[in-house]
Amino acid sequence: MAALAARDAGLPRPAGVVAFSPGLDATRSGESMTTKDGIDPLFTRQSLVRLGAHYLAGQDPRQPLLSPAVHADLTGLPPLLLRAGSNEVLLDDSTRLATRAAGAGVDVILDVTADVPHVFQSFTGSLDEADAALDRAGRFMLDRLATAPAAL
């Protein structure tokens with residue numbers, strides 16, 4: 001997660017972070033990896049493990065930046081808006097990050113939309129839920145930018 005890397009490097013904090021159907025656990029340990037298997041029209045745990053092996057290139061998936069939903073210190077993150085569909089195998093990546101972030105004092109909003117696929121927001125103009133999700137994300141960022149301290 002880029003916001004964690006920026007925090008750790010002492011860079012200015014972004015006004016907010018919006019994440020659509022994010023992959024936040026490279027260990028693939030979320031319960032939704034099993035409970036949504038066969039329901040998610042795009043991914044299975046097995047397909048994500050195969051894809052992840054290429055991305056990880058031998059790196060330990062438990063590294064905080066690779067699995068922030070379960071292994072990172074989330075203290076000091078900017079406000080978060082996490083959006084996911086209820087049918088995603090990646091659903092628990094968002095729900096676990098939201099729970100842990102709130103516990104670390106981070107302002108977090110978790111929006112789970114029923115019966116939509118991974119990155120449903122890309123279906124603008126043909127899926128009402130996508131249009132609403134993008135409107136919500138835009139309002140979130142405009143609100144964060146309006147209240148963000150001026151950059152030095």
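Trainee: Before we start, what is a nonpolar core here?

Mentor: A nonpolar core is a set of buried Ala, Val, Leu, Ile, Met, Phe, Trp, Tyr and Cys residues joined through side-chain atoms within 4.5 Å. Keep in mind as we go that this is a predicted model.

Trainee: OK, so which residues touch the most other members of the largest nonpolar core?

Mentor: Those are Leu74, Leu77, Leu80 and Leu97, in a core that has 15 residues. At least two residues of this core come from each of helix 1 (2–8), strand 1 (17–20), strand 2 and helix 5.

Trainee: And which element gives the most to it?

Mentor: Helix 5 does, with 3 residues.

Trainee: What is Leu77 in contact with, leaving aside its neighbours within four places in sequence?

Mentor: With those neighbours set aside, Leu77 is in contact with Met1, Ala3, Leu4, Arg13 and Val106.

Trainee: Changing topic, what is the mean pLDDT of the chain?

Mentor: The mean is 94, and 98% of the residues in the chain reach 70 or more. Confidence is highest in helix 5 (residues 91–103), at 98, and lowest in helix 3 (residues 45–56), where the mean is 93.

Trainee: Now the charged pairs: how many salt bridges are there?

Mentor: The count comes to 5 salt bridges. One of them pairs the side chains of Arg83 and Asp111, at 3.3 Å from N to O. Arg83 lies in strand 2 (residues 80–85) and Asp111 in strand 3 (residues 108–113), so this pair ties together parts that are 28 residues apart in sequence.

Trainee: Are those two buried or exposed?

Mentor: Arg83 is buried, with a relative accessible area of 6%, and Asp111 is buried as well, at 17%. Through salt bridges that share partners, Arg83, Asp111 and Arg136 are joined into one network.

Trainee: What about Arg7, which residue does its side chain meet in a salt bridge?

Mentor: The partner of Arg7 is Asp8, with 2.8 Å between N and O. Here Arg7 is partly exposed, at 26% relative accessible area, while Asp8 counts as exposed at 55%. There is also a salt bridge between Asp60 and Arg62, whose closest N and O atoms are 3.0 Å apart; in that pair Asp60 is partly exposed at 32%, and Arg62 is exposed at 52%.

Trainee: Let's go to helix 6; what should its span be, and how far apart are its end C-alpha atoms?

Mentor: Helix 6 (residues 128–147) has 20 residues and, at 1.5 Å a residue, should span 28 Å, which agrees with the 29 Å between its end C-alpha atoms.

Trainee: Which of its residues are buried?

Mentor: In helix 6 the buried residues are Ala130, Ala133, Ala137, Phe140 and Arg144. Viewed down the axis of helix 6, they fall within an arc of 90 degrees, so they line one face of the helix. The elements that cover these buried residues include strand 1, strand 2 and strand 3, whereas Asp128, Leu142 and Ala146 are exposed on the other side of helix 6.

Trainee: Last thing, what is the phi of Ser21?

Mentor: Ser21 has a positive phi of about 50 degrees, although this residue is not a glycine. Ser21 sits in the loop between strand 1 and helix 2 (32–35) and counts as buried, at 4% relative accessibility.

Trainee: And where is Arg28?

Mentor: Arg28 is in the loop between strand 1 and helix 2. Its phi is positive, about 55 degrees, although Arg28 is not a glycine, and Arg28 is buried, with a relative accessible area of 13%.

Terms used:
Residues are numbered from 1 along each chain as its sequence is written. This is a predicted model: local features need pLDDT of at least 70, side-chain atom pairs count only at pLDDT 80 or more; totals for chains, interfaces and linings use all residues. Side-chain values use heavy atoms; hydrogens and water are left out. A salt bridge is a side-chain nitrogen of Lys or Arg within 4 Å of a carboxyl oxygen of Asp or Glu. Buried means under 20% relative accessible area, exposed over 50%, partly exposed in between (1.4 Å probe, protein chains only). Helices (H or I, at least four residues) and strands (E, at least two) are DSSP runs, numbered from the N terminus. pLDDT is the predictor's confidence in each residue, from 0 to 100. Contact means heavy atoms within 4.5 Å. The expected span of a helix is 1.5 Å times one less than its number of residues. The arc is that of the directions from the helix axis to the C-beta atoms.
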